[in-house]
Each structure stands twice: as C-alpha cells, then as structure tokens.
Amino acid sequence: MGLCLLAPAWLAAQEFDDELQLSSDVVYWYRISNAAPGLDGLAMTDVNGSTGSEEYQNMIFMLPTEADDLRSQWKLTAGEEGKVIITNRATGSQIAGTSLWEDDHNITALTTSGATGFTFTSLGEGTYRLESVEDDGVSRCLALADKDGEAVAYPESGESTSAIAWKFFPVEIETGIGSMEAGRQVISVKNGRISVAGNAEWQLFDASGEEMPRTVSLPAGVYLVKIGQKAIKVLMP
C-alpha cells in the first residue's frame, strides 16, 4: 500500500498556481490523488484513530475511499512566505513540511498544528508539485512511495504523471452568506454536477457569465455559483 513520502527535489520552487482555491471565509475541500499510473480512485487519506494500531498513526495512506469520506478531504490555507498548509477535514491534522527519517526513506509526518506548509508548482495537466525546505536546509517534494519498497527515484524533469505529481479534485465548498435566515451553505461537486444545500436561492454561470441550467452534467471548467450577492468560483475537474 502506498505511503506519501518526502524525498529530494530537483527544481526551484515557482509561484503558487491560483487555479486551486485557498480557504478563508469560504472553505474549499479537495480529494488529493497521485498522478502516477494505476492509482485512479485512490485518495490521500488520514488514518489517525481509525486503524487501532500505533504503528500507523500520523501516517497518510492512499485508499479507495468514497468522495464523501471526510478522512480523504483536505483544505488549503495560506501560510507564511507564500507556503500553503494542507489540513484534513476529519482529524484537523496538517501535513508537516518536515519529514521523518526511516531507513533510506523520508516519511511524511502529520502534525496537529504549526505546519510550515508547501510551495505549489504547476506541472501541467492539472497536476502540482508540493515542495518544502526542511530543517536540514534540503528542499524535498511530497511524493508517493512505499516505505517497504525502493526509495523513490525522481524523473529528470517535472513529468505530470510521476510520483511527485498531485491532482486536486474539489468535492465541497462551505460558505455563509451573512444572514441568520440563510445560514451555512454547502456547495458540492459530484458526478459532473454542482449543487447547493441550504436555505438559499442560487444561480450557476459559466466563465463567460452565461447562466447555466442547474440540472445538467457540466464539462470540465470554471463556473460561478451566485448566492445572494456573493459569487464563488467553482472548478469542475
């Protein structure tokens, strides 16, 4: 079973690609998958407290979970110096920017607070490299590998289908629109459809501003959900 590991990177960090949404007043939840071949349907999952084994605590697994499994949902928030902090929805744990050494592997750690975060770099094809300079001054990438197998070997360039390439699938957006009557709204992205739960009227627009029907399957792209006076950008993968 794959584990998320950290190991040396080979390219300088670039500016965070703003196609992904950072959470603040509006919270965006993502499933995170690795782009290496043969991993379709597996998502980065926090198993803290769910295995009954101390050996697997504070580790991340790639598991075939359902889209509504909170253990496989993560939000992105702004850290210092342009870094992005990744936090799990079920446990509140953050992916640490400092790894744990085990044999010839650098194993990704989880922390309850204080994560320094990662620099995000687009690799194309909807994938991203996540990179962090650790306490020893070495820049390492979040990568997919098996701690019982060979140490991860990096490609010579930033291929979008390699072990260091990650894909982010939006599954839900939480927002409040500022009134007691409307309360909390939840925007869901599932099976090509965008829906809004909660007591509010809403409209759906494509990127050009044309209003779209809310009951049809949508092609991949960027859409706007308008709830009251607030417009929220939603990415359909």
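**View 1. The pairing of strands β11 and β12.** In this predicted model, strand β11, which covers residues 119-124, and strand β12, which covers residues 127-133, pair in the antiparallel sense over 5 bridges. Within this pairing, Phe120 stands opposite Leu130 in β12. The two strands form a hairpin with 2 residues between them, and Glu125 in the turn has a positive phi of about 55°. A student may find that value worth pausing over, since most residues other than glycine have a negative phi.

**View 2. Ser160 and the residues around it.** Ser160 is found in the loop between β13 (139-145) and β14. Is Ser160 buried or exposed? Its relative accessibility is 16%, and because buried means under 20%, Ser160 counts as buried. Leaving out residues up to four places away in sequence, Ser160 touches Ala35, Leu123, Gly124, Glu125, Thr127 and Ala165. One of these, Glu125, also belongs to the turn of the hairpin formed by β11 and β12. The C-alpha atoms of Ser160 and Ser122 are separated by 8.8 Å, although these two residues are 38 residues apart along the chain.

**View 3. The nonpolar cores.** Which residues have the most contacts inside the largest nonpolar core? This core has 40 residues, and those with the most contacts inside it are Phe120 and Phe168. When neighbours within four places in sequence are left aside, Phe168 is in contact with Leu20, Tyr30, Arg31, Ile32, Leu76, Phe120, Tyr128 and Leu130. Apart from the largest core lies another core, of 6 residues, among them Ala35, Cys141, Ala143 and Ala165. Two of the residues named here, Ala35 and Ala165, are also touched by Ser160. As a general background to this view, nonpolar side chains tend to be buried together in soluble globular proteins.

**View 4. The largest pocket.** The largest pocket has a volume of about 260 Å³. Of the 17 residues that line this pocket, the closest to its centre are Ala67, Asp68, Val171, Val189 and Lys190. The elements that give two or more residues to the lining are β14 (166-176) and β15 (184-190), and the largest share, 4 residues, comes from β14. Sorted by class, the lining of the largest pocket has 8 nonpolar, 4 polar and 5 charged residues.

**View 5. The second largest pocket.** About 190 Å³ of space lies in the second largest pocket. Its lining is made up of 13 residues, of which Glu125, Gly126, Phe168, Leu235 and Pro237 lie nearest the centre. Strands β14 and β20 (230-236) are the elements that give two or more residues to this lining, with the largest share, 3 residues, coming from β14. By class, the lining of the second largest pocket has 8 nonpolar, 2 polar and 3 charged residues. Two of the residues nearest the centre of this pocket have appeared in earlier views, for Glu125 lies in the turn of the hairpin, and Phe168 is one of the residues with the most contacts inside the largest nonpolar core.

**View 6. Two loop residues with positive phi, Glu81 and Asn191.** Glu81 has its place in the loop between β5 (74-78) and β6 (84-88), and its phi is near 55°, a positive value in a residue other than glycine. Because its relative accessibility is 79%, Glu81 counts as exposed. Asn191 is found in the loop between β15 and β16 (193-197), and its phi, near 50°, is likewise positive in a residue other than glycine. With a relative accessibility of 69%, Asn191 also counts as exposed.

**View 7. Leu22 in the loop between β1 and β2.** Where along the chain is Leu22 found? The residue sits in the loop between β1 (3-8) and β2 (27-34). At 31% relative accessibility, Leu22 counts as partly exposed. The C-alpha atoms of Leu22 and Ile85 are separated by 9.3 Å, while the two residues are 63 residues apart along the chain.

**View 8. The whole chain as a setting for the close-ups.** The protein chain has 0 helices and 20 strands. Of its 237 residues, 48% count as buried. Among contacts in the chain between residues at least 6 apart in sequence, 56% join residues at least 24 apart.

Note on methods
Residues are numbered from 1 along each chain as its sequence is written. This is a predicted model: local features need pLDDT of at least 70, side-chain atom pairs count only at pLDDT 80 or more; totals for chains, interfaces and linings use all residues. Side-chain values use heavy atoms; hydrogens and water are left out. On a 1 Å grid over the protein atoms alone, a cavity is a set of points where a 1.4 Å probe fits but cannot get out, and a pocket is an open set with protein on both sides within 12 Å along at least five of seven lines; lining residues have an atom within 4 Å of a point. Grid points are joined across faces, edges and corners, and a volume is the space filled by probe spheres set on the points. Ala, Val, Leu, Ile, Met, Phe, Trp, Tyr, Cys and Pro count as nonpolar, Asp, Glu, Lys and Arg as charged, and the others, Gly among them, as polar. Two strands pair if DSSP finds at least two bridges between them. Buried means under 20% relative accessible area, exposed over 50%, partly exposed in between (1.4 Å probe, protein chains only). Contact means heavy atoms within 4.5 Å. A nonpolar core is a set of buried Ala, Val, Leu, Ile, Met, Phe, Trp, Tyr and Cys residues joined through side-chain atoms within 4.5 Å.
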